Amino acid sequence: MDATPKVYCVGTADTKLDELRFLSDSVRSSLTTFSNSSSSKVEVVIVDVSAGQKETERLSDFKFVTRKELLLCYSESVGGNPIVLPDDRGEAVGVMSKALQHFINKTRADGGVAGAIGLGGTGGTSLLSSPFRSLPLGVPKLIVSTVASGRTEPYVKTSDLVLFPSIVDICGINSVSTVVLSNAGAAFAGMVIGRLEMLQQRCNEGKKGTVGITMYGVTTPCVNAVNQRLQKEGYETLIFHATGVGGKAMESLVREGYIQGVLDITTTEVADYVVGGVMACDSSRFDVIIEKKIPFVVSVGALDIVAFGPKDTIPSNFQQRKIHIHNAQILLMRTTVDENKKFACFIADKMNKSSSKICVCLPQKGVSALDASERPFYDPEATGALLNELQRLIQINNDRQVKMYPYHINDPEFAKALVDSFMEIWSKSPADSSLPQVSSCESNQGLHLHKDEN
């Protein structure tokens with residue numbers, strides 16, 4: 001098996017071959033320039049994802065994966081007959097996107113994928129983004145796109161995909177596109193070389209494991225204390241802002257094996273999901289953490305809060321509720337007794353499905369900086385309803401515990417209790433399942449810089 005690292009330059013060769021070759025040349029030139037070792041080899045491969053009827057022949061100056069080869073790989077992977085592109089362009093784009101994803105998955109399994117770069121307009125960006133996102137965190141992935149300065153969440157989601165603004169349409173090589181494509185190629189090449197050299201230089205840095213922690217502004221003192229203690233104990237910590245995307249990003253990293261334990265201190269995204277705020281999770285919140293059976297401590301940070309945009313975006317039925325101005329863009333609404341019972345039901349339903357060790361830690365004197373004596377959201381009845389309902393609904397056993405503490409969530413004593421509970425679970429977790437350690441050593445599938453023997 002050829003272990004030379006490969007980067008894929010992907011685009012529709014039937015309409016953008018000149019631009020694709022220019023970008024590939026830029027990547028290849030920059031890879032040679034940036035490598036610290038003498039002529040370290042990273043192979044550049046052009047991949048055609050054309051959705052039209054024109055078939056591009058092989059290229060003489062680059063290794064080239066034709067559309068026909070891509071579709072053959074797709075048909076073999078799904079065990080069916082040869083796949084023929086539909087006449088409808090939209091449907092054809094969808095087929096090519098799936099074909100590219102199967103190709104990337106296969107080549108990843110074979111080893112040696114060092115990154116992927118592509119270019120496209122709206123259709124091309126849509127075609128490339130999902131397959132590129134399937135590459136693990138840290139593997140460079142970049143698309144030069146006409147929609148890079150627009151609404152990018154549907155393309156990027158929770159990945160580290162980079163969208164690089166094309167400025168002009170991707171239609172010909174001119175004074176502007178030359179600059180943009182050269183810069184994009186250089187930026188991508190720098191990421192590729194930097195990552196490969198980093199993987200050679202360091203593997204496991206002696207950390208016990210990586211722990212994901214959720215935080216909001218109103219739970220910052222608690223999270224800071226937890227973070228400092230965990231780091232002193234030898235853990236790496238990743239902190240996620242609980243804004244809807246933050247929880248999803250954390251759970252994506254759990255799924256990929258980057259995170260081996262979770263302190264889900266700030267579960268406010270559940271409130272937005274249930275009530276209809278702007279920073280909501282979705283119905284799958286907590287699922288992957290439970291499925292992976294990693295050490296898991298949960299709390300109720302900021303469940304007194306539902307977030308909205310400016311005042312005119314708050315639904316009319318909420319206009320008379322208790323509102324706190326967080327900043328010019330975000331207004332916070334205090335949750336009610338009934339809403340808190342619904343949050344408890346959502347959380348308890350998930351926790352009761354767990355078959356591994358978890359601990360739910362509850363702060364009796366308030367769940368956020370706003371939910372404290374003489375603060376705007378202080379409401380012992382509403383907070384009490386949340387805590388009592390969780391105690392009532394969660395089915396306790398040897399592995400599933402609920403602990404009530406006579407503290408506010410931001411009290412140092414509560415932070416200590418959280419870490420103590422986490423470390424107790426960690427100590428009882430199977431040694432072989434607690435440390436996948438993808439983050440620094442990464443199962444990099446044989447990726448190494450190879451020096452040219454000439």
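Which residue of strand 8 does threonine 214 stand opposite? In the predicted model examined here, threonine 214 faces phenylalanine 240 of strand 8, and this pair belongs to the parallel ladder in which six bridges connect strand 7 (residues 210–215) with strand 8. Helix 7 (residues 220–232) extends across strand 7, strand 8 and strand 9 (261–264), and its direction makes about 170° with that of strand 7. Helix 12 also packs on the sheet, where it contacts strand 14 (358–363) and strand 15, with a direction at about 155° to that of strand 14.

The sheet to which these strands belong is open and consists of six strands in the order 8-7-9-10-14-15, with parallel pairing. Its edges are occupied by strand 8 (236–241) and strand 15 (400–405), each of which has a single partner strand, so that one side of each lacks a neighbour within the sheet. From one strand to the next, the twist averages 15°.

Strand 1 (residues 6–11) has two pairings of its own. With strand 2 (residues 43–48) it pairs in the parallel sense over six bridges, and in this ladder valine 7 has valine 44 of strand 2 as its bridge partner. With strand 4 (residues 113–120), strand 1 again pairs in the parallel sense, here over five bridges, and the bridge partner of valine 10 in strand 4 is glycine 118. As a general matter, the strands of a sheet pair through backbone hydrogen bonds, in either a parallel or an antiparallel arrangement. The side chains of strand 1 alternate in direction, with Lys6, Tyr8 and Val10 pointing one way and Val7, Cys9 and Gly11 the other, and all of these residues are buried. Because six of the six residues of strand 1 are buried, the strand is largely enclosed by the rest of the structure.

Two helix pairs illustrate contrasting packing geometries. Helix 11 (residues 337–351) and helix 12 (residues 380–393) pack with their axes 8 Å apart and at an angle of about 30°, and the two helices are therefore roughly parallel to each other. The crossing of helix 11 past helix 12 is right-handed. On the side of helix 11 the contact is made by Val337, Asn340, Lys341, Phe343, Ala344, Cys345, Ile347 and Ala348, which meet Glu381, Ala382, Thr383, Ala385, Leu386, Glu389, Leu390 and Leu393 of helix 12. By class, the residues of this contact comprise 11 nonpolar, two polar and three charged.

For helix 2 (residues 67–78) and helix 3 (residues 89–110), the axes come within 8 Å and cross at roughly 75°, which makes helix 2 roughly perpendicular to helix 3. Helix 2 contributes Arg67, Leu70, Leu71, Cys73, Tyr74, Ser77 and Val78, and these meet Val95, Met96, Lys98, Ala99, Leu100, His102, Phe103 and Lys106 of helix 3. The contact of helix 2 with helix 3 contains 10 nonpolar, two polar and three charged residues.

Individual positions were then considered, beginning with threonine 125, which is found in helix 4 (residues 122–133). With a relative accessibility of 0%, threonine 125 counts as buried. When residues up to four places away in sequence are not counted, threonine 125 touches Gly120, Ile143, Ser145, Val147, Tyr155 and Leu163. Arginine 67, one of the helix 2 residues that meet helix 3, is separated from threonine 125 by 58 residues in sequence and by 17 Å in space, C-alpha to C-alpha.

Backbone conformation drew attention to two further positions. In general, most residues other than glycine have a negative phi. Lysine 157, although not a glycine, has a positive phi of about 50°, and its place is in the loop between helix 5 (153–156) and strand 6 (162–165). Phenylalanine 286, likewise not a glycine, has a positive phi of about 80° and lies in the loop between helix 9 (269–275) and helix 10 (287–292). As for accessibility, lysine 157 counts as partly exposed because its relative value is 45%, whereas phenylalanine 286, at 0% relative accessibility, counts as buried.

How values were computed
Residues are numbered from 1 along each chain as its sequence is written. This is a predicted model: local features need pLDDT of at least 70, side-chain atom pairs count only at pLDDT 80 or more; totals for chains, interfaces and linings use all residues. Side-chain values use heavy atoms; hydrogens and water are left out. Helices (H or I, at least four residues) and strands (E, at least two) are DSSP runs, numbered from the N terminus. Buried means under 20% relative accessible area, exposed over 50%, partly exposed in between (1.4 Å probe, protein chains only). Contact means heavy atoms within 4.5 Å. Axes are lines fitted to C-alpha atoms, for helices over the stretch in contact, and angles run from 0 to 180 degrees between N-to-C directions. Angles under 35 degrees count as roughly parallel, over 145 as roughly antiparallel, 65 to 115 as roughly perpendicular and the rest as oblique. A crossing is left-handed if the near helix is turned anticlockwise from the far one by less than a right angle, and right-handed if clockwise. Ala, Val, Leu, Ile, Met, Phe, Trp, Tyr, Cys and Pro count as nonpolar, Asp, Glu, Lys and Arg as charged, and the others, Gly among them, as polar. Two strands pair if DSSP finds at least two bridges between them.
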